[in-house]
Amino acid sequence: MTMVRQTRQRQAVIEVLRESREHPDAAWIHSRVRELLPSVSLGTVYRTLDALVRDGVVVTIERAGQATRYDYKRAGEDHHHAVCRSCGAIFDVEAGMLPTLPAAALPPGFQVTDVRLEFMGICPECAAQGEAAG
Ligand SMILES: [Zn+2]
Ligand SMILES: [Zn+2]
């Protein structure tokens with residue numbers, strides 16, 4: 001029974017993340033999952049997210065002082081993130097558009113299984129507001 005329930009929760013969390021391009025936090029995911037499975041607690045959502053991250057199905061975007069955001073890792077659609085320091089907006093950056101990391105920069109024999117890049121900066125909207133204010 002427990003296994004079945006866990007599987008349904010896992011499916012529901014994946015479903016919610018797959019349909020979102022907003023890089024939501026756990027509280028937002030919880031509110032959506034409850035539409036599918038009304039009895040699910042926030043703690044269960046956290047545990048399910050942790051397991052999905054461990055399994056490489058979901059990636060996290062962490063920023064100091066703010067709630068961790070989550071993103072579903074779409075197969076064959078590897079991407080990185082650009083994060084606005086001002087408003088916290090998260091943008092997808094297509095991995096295919098970036099040069100690959102030179103192997104010479106890595107310790108000899110190091111096998112890369114996953115590459116994650118985060119670009120920190122100011123989004124166009126915040127930049128425009130800054131210019132208007134200044
Ligand atoms: Zn911004
Ligand atoms: Zn993303």
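## Packing of helices H2 and H3

H2 and H3 cross in a right-handed sense. This is a predicted model, and the two helices span residues 26-36 for H2 and residues 42-54 for H3. Their axes come within 9 Å and cross at roughly 110 degrees. Because angles of 65 to 115 degrees count as roughly perpendicular, H2 is described as roughly perpendicular to H3.

On the H2 side, the residues that meet H3 are Ala26, Ala27, Ile29, His30 and Val33. H3 meets them with Leu42, Val45, Tyr46 and Leu49. Sorted by class, this contact between H2 and H3 has eight nonpolar residues, one polar residue and no charged residues.

## Domains and their contact

The domain assignment divides the protein into domain 1, covering 1-74, and domain 2, covering 76-134. Taken over C-alpha atoms, the centres of domain 1 and domain 2 are 23 Å apart.

Six residues from domain 1 and five residues from domain 2 take part in the contact between them. On the side of domain 1 that touches domain 2, three residues are charged, two are polar and one is nonpolar.

## The S3-S4 hairpin

Strand S3 runs over residues 79-84 and strand S4 over residues 90-94. The two strands pair in the antiparallel sense, with five bridges between them. Two of the facing positions can be named: His79 in S3 is opposite Glu94 in S4, and His80 is opposite Val93 in S4.

S3 and S4 form a hairpin, and five residues lie between the two strands. The turn contains Gly88, which has a positive phi of about 80 degrees.

## Pairing of S3 with S5

S3 also pairs with strand S5, which is made of residues 118-121. Here the sense is parallel, and the pairing extends over four bridges. At one position along it, Ala82 stands opposite Phe119 in S5.

S3 thus has two pairing partners in this model: S4, in the antiparallel sense, and S5, in the parallel sense. In a regular strand, side chains alternate between the two faces of the sheet.

Notes. Residues numbered from 1 in each chain as written. Chains lettered and ligands numbered in written order. Predicted model: local features only at pLDDT ≥ 70, side-chain atom pairs only at ≥ 80, totals over all residues. Domains from an automatic or database assignment. Contact = placed C-beta atoms within 7 Å. Nonpolar A, V, L, I, M, F, W, Y, C, P; charged D, E, K, R; others polar. Pairing = 2+ DSSP bridges. Axes fitted to C-alpha atoms, helices over the stretch in contact; angles between N-to-C directions. Parallel < 35°, antiparallel > 145°, perpendicular 65-115°, else oblique. Left-handed = near helix turned anticlockwise from the far one by under 90°.
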